[in-house]
Amino acid sequence: MRRVLVAVAVLLVAAAGWFAARALVGAVPEAEAPPMDPELGVARAGFDGERVGGGCLRGSWYEPPVRYAILDVQVAASGAVHACVEVYRQDDLDPSADYYEAAITAYWTTTDGWSLPMRVAVDAPAAGPTTLSLSSSEPHLSNVFLADATVLAPCTGEEELQPQPIGRGWVLDSWCYGDGALESREDGDTATWVVEDQSALDATVHTLAIKVAEGSRPLFTFALESPAEGRSEVEVAAAEG
């Protein structure tokens with residue numbers, strides 16, 4: 001009899017643990033507050049130069065569901081991205097070339113999500129990573145086409161808020177470095193960043209440095225693309241120099 005009671009107790013503990021784990025892991029993603037000012041960039045120019053212009057885009061993202069077979073649950077998150085680009089022409093002493101710097105600030109906000117048993121089929125929008133890209137209409141010179149990206153996080157009380165370098169010549173004032181890494185791809189005169197796990201992000205900054213022929217007027221095209229919404233873009237024209 002004692003063995004039976006022990007076995008029952010073990011099963012009850014296991015069942016309680018299963019339900020607790022399912023409730024924790026399988027919770028519906030919580031909605032986050034949107035950025036106070038989605039057009040506010042997080043990086044400022046730490047170099048001498050003239051602002052050329054900028055533009056903003058907004059899109060939606062949907063992550064593929066994460067499935068936990070042992071818990072019989074699948075969870076997916078969705079949300080919005082607000083991204084703005086700023087372009088500067090950097091002061092230089094090179095009579096044969098002009099130098100441009102660009103920074104994209106992207107805010108990632110979880111707005112919705114769902115949690116359902118594994119057997120339930122979900123008719124959801126196309127899911128996948130969000131792609132940001134920035135291209136120049138003018139060819140770069142001397143292999144100076146340098147893209148970078150950094151994951152950011154709100155600064156904690158223990159962190160001393162001080163200017164931190166971002167990219168090549170940009171400075172971060174009000175955010176701190178976050179965990180994670182983003183890959184920067186350079187193909188011809190286009191820089192691309194593919195962002196996955198959007199629900200784990202607060203903000204990212206993407207920078208590009210490019211050298212072009214003296215007096216040329218590059219047209220910069222900033223694009224945002226996702227499987228659910230396709231591609232949107234905004235153009236920033238360089239002033240005549």
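**Two disulfides, one sheet, two pockets**

Let me start with one contact: serine 133 has threonine 192, over in E12, as its bridge partner. Before I go on, a word on ground rules: this is a predicted model, so local features need pLDDT of at least 70 and side-chain atom pairs count only at pLDDT 80 or more, while totals for chains, interfaces and linings use all residues. Residues are numbered from 1 along each chain as its sequence is written, and side-chain values use heavy atoms, with hydrogens and water left out.

Back to that contact. Strand E6, residues 130-136, and strand E12, residues 190-195, pair in the antiparallel sense over 6 bridges. When I say strand, I mean a DSSP run of at least two residues labelled E, numbered from the N terminus. And two strands pair if DSSP finds at least two bridges between them.

Which strands make up the open sheet here? There are 5, in the order E11-E12-E6-E14-E15, and the pairing is antiparallel. E11 (184-187) and E15 (230-237) are at the edges with a single partner strand each, so each has one side without a neighbour in the sheet. On average, neighbouring strands of this sheet are turned by 20 degrees against each other, ignoring direction. For that angle, the axes are lines fitted to C-alpha atoms, and the scale for angles between N-to-C directions runs from 0 to 180 degrees.

Stay at the E11 end for a second. E11 and E12 run antiparallel, joined by 4 bridges. Serine 184 sits opposite tryptophan 193 of E12. The hairpin of these two strands has 2 residues between them, and glycine 188 there takes a positive phi near 65 degrees.

Now, E13. Is strand E13 enclosed or left open? Of its 11 residues, 203-213, 10 are buried, so E13 is largely enclosed by the rest of the structure. Buried means under 20% relative accessible area, exposed means over 50%, and partly exposed is in between, with a 1.4 Å probe and protein chains only. E13 pairs with E5 in the antiparallel sense over 11 bridges, and isoleucine 104 stands opposite histidine 206 of E13. E13 also pairs with E7, again antiparallel, over 8 bridges. Within that, alanine 147 has leucine 208 of E13 as bridge partner.

On to the cysteines. How many disulfides does the structure hold? It holds 2, where a disulfide is a pair of cysteine sulfur atoms within 2.5 Å. Count the bonded cysteines in sequence order and the pairing reads 1-2, 3-4.

One disulfide joins cysteine 56 to cysteine 84, with the sulfurs 2.0 Å apart. The S-S torsion of that pair is about 110 degrees, so the disulfide is right-handed. Cysteine 56 is in strand E2 (49-62) and cysteine 84 in strand E4 (73-90), so the pair ties together parts 28 residues apart in sequence. Cysteine 56 is partly exposed at 35% relative accessibility, whereas cysteine 84 is buried at 11%.

The other disulfide joins cysteine 155 to cysteine 176, S to S 2.1 Å. Its torsion is about 105 degrees, so this disulfide is right-handed. Here the link is between cysteine 155, in the loop between E7 (145-153) and E8 (164-166), and cysteine 176 in E10 (176-177), 21 residues apart. Cysteine 155 is partly exposed at 26%, and cysteine 176 is buried at 3%.

Last topic, the pockets. A pocket is an open set of points on a 1 Å grid over the protein atoms alone, where a 1.4 Å probe fits, with protein on both sides within 12 Å along at least five of seven lines; lining residues have an atom within 4 Å of a point. The volume is the space filled by probe spheres set on those points, which are joined across faces, edges and corners.

The largest pocket holds about 270 Å³. It is lined by 15 residues, and those closest to its centre are Pro34, Pro35, Met36, Tyr107 and Trp175. That lining divides into 9 nonpolar, 3 polar and 3 charged residues. Nonpolar here means Ala, Val, Leu, Ile, Met, Phe, Trp, Tyr, Cys and Pro; charged means Asp, Glu, Lys and Arg; the others, Gly among them, are polar.

The second largest pocket comes to about 230 Å³. Of its 17 lining residues, Ala76, Trp114, Val122, Ala124 and Pro125 are closest to the centre. Which strand gives the most to that lining? E4, with 4 residues. By class, that lining has 11 nonpolar, 3 polar and 3 charged residues.
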